Amino acid sequence: MRRILNLIWTAAVLHGCLLAQDKPIPNQEALRQRAIATADRTAEQRDRYECRERQVQNDLDSKGRVKKTNTTEQEFFFLHGRPIMREVSRDGKPLSDSDKKKQDDRIRKEIEDAEKAFKKEKRGDGGPLTSRNFLKLARLGNERRVLVGGRPTIVFDVIDNPDNKGGDIPQRIIAAMRGTLSVDEETGHVQDLNVTGVRDVKIAGGLVANIHKGFQLHTIAAPQNDGVWLLKTIYGSGDARMGLFFHPAANFKADVEGCKLYNVDADAVVKQVEGKQ
């Protein structure tokens, strides 16, 4: 009996998948705008979450060989769109008391800065290489429907845009990237972004931003139990500097896990940090 029920369930799923594949591909601009609006809502919703990240980074020599491996674990949450990260271990060892104090001092300042910026109606934007910026600034084409985990997903190619000859920092960086961007068809969330730099980008002589040809970024998102999509995995490799973000010649993988609802009160967090000193 159980086998028959399994066969019926499998047949129903396959039938649903075939029907989804037969549907016309959504209008590109309409889907793009819906995905941008979804990204804006998600940016506010993720402020309610606290997560844990484990990152493994391999520093490379001039020939691309691994010369050093670092493993870090961090807990983080978002405050007004700005990530507040607390490192809890390095290479499997807990931080020393002095390092913990440095973390607390930095976190207190970041919280205060986030509050000051928010009072001026400035939320954190996540930096230039967000999926929202790719939706907004990249030229997309060759859309097709695939199934990801049984969910209909529209995949776009991030392609060359001959009309893009300048602009602000995100626009100039994204203009040099090629790859794919995948949007969950039902929800409008970006499920996957996989891009590679096809030329060097230097802004202000490399002081503001310096992206080397071959830099790779791959992000994968997944829904939480309440339907909010959060980043699950981030891969990267190459050499890049963007403002305070510095990524030397290396490859890394960051896994995000243990996300839980967490309504942060900035004043309470500041008092908690100060109480530890």
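The following exercises treat the nonpolar cores, the disulfide and the charged pairs of a predicted model.

Residues are numbered from 1 along each chain as its sequence is written, and side-chain values use heavy atoms, with hydrogens and water left out. Local features need pLDDT of at least 70 and side-chain atom pairs count only at pLDDT 80 or more, whereas totals for chains, interfaces and linings use all residues.

**Exercise 1. Nonpolar cores**

Determine how many residues the largest nonpolar core has, and which of them have the most contacts inside it.

Solution.
Step 1. A nonpolar core is a set of buried Ala, Val, Leu, Ile, Met, Phe, Trp, Tyr and Cys residues joined through side-chain atoms within 4.5 Å. Buried means under 20% relative accessible area, exposed over 50%, and partly exposed in between (1.4 Å probe, protein chains only).
Step 2. The largest such core has 28 residues, and Phe 134, Leu 181 and Val 183 have the most contacts inside it.
Step 3. Helices (H or I, at least four residues) and strands (E, at least two) are DSSP runs, numbered from the N terminus. Elements giving two or more residues to this core include the helices α2 (28-45), α4 (131-137) and α5 (169-174), and the strands β6 (151-159), β7 (177-184) and β13 (245-261).
Step 4. Contact means heavy atoms within 4.5 Å. Leaving aside neighbours within four places in sequence, the contacts of Phe 134 include Arg 32, Val 158, Ile 174, Leu 181 and Val 195.

**Exercise 2. The disulfide**

Identify which cysteines the disulfide joins, and state its handedness.

Solution.
Step 1. A disulfide is a pair of cysteine sulfur atoms within 2.5 Å; the count by this rule is one.
Step 2. Cys 51 is joined to Cys 259, with an S to S distance of 2.1 Å.
Step 3. Since Cys 51 lies in strand β1 and Cys 259 in strand β13, the bond ties together parts that are 208 residues apart in sequence.
Step 4. The torsion about the S-S bond is about 115°, and therefore the disulfide is right-handed.
Step 5. Cys 51 is buried, its relative accessible area being 7%.

**Exercise 3. Salt bridges between distant parts of the chain**

Establish how many salt bridges there are, and where the partners Arg 48 and Asp 226 lie.

Solution.
Step 1. Side chains of opposite charge can pair when their charged atoms come close. A salt bridge is a side-chain nitrogen of Lys or Arg within 4 Å of a carboxyl oxygen of Asp or Glu, and the count is 20.
Step 2. Arg 48 and Asp 226 form one of them, at 3.3 Å from N to O. Arg 48 is in the loop between α2 and β1 (49-60), and Asp 226 in the loop between β11 (216-223) and β12 (229-242), 178 residues apart.
Step 3. Arg 48 is partly exposed at 28% relative accessibility, as is Asp 226 at 40%.
Step 4. Lys 260 pairs with Glu 50 in a salt bridge, the closest N and O atoms being 3.9 Å apart. Lys 260 is in strand β13 and Glu 50 in strand β1, so this pair ties together parts that are 210 residues apart in sequence.
Step 5. Lys 260 is partly exposed at 48%, whereas Glu 50 is buried at 18%.

**Exercise 4. A charged network and a buried aspartate**

Is Asp 104 buried or exposed, and which side chain does a polar contact join to that of Asp 104?

Solution.
Step 1. Arg 52, Arg 54, Glu 73 and Glu 75 are linked in a network of salt bridges.
Step 2. Asp 104 belongs to helix α3 (residues 97-119), and with 6% relative accessibility Asp 104 counts as buried.
Step 3. A polar contact is a pair of N or O atoms within 3.5 Å; within protein, one must be able to donate a hydrogen and the other to accept it, and residues adjacent in sequence count only if both atoms are side-chain atoms. Such a contact, of 2.6 Å, joins the side chains of Asp 104 and Arg 86.
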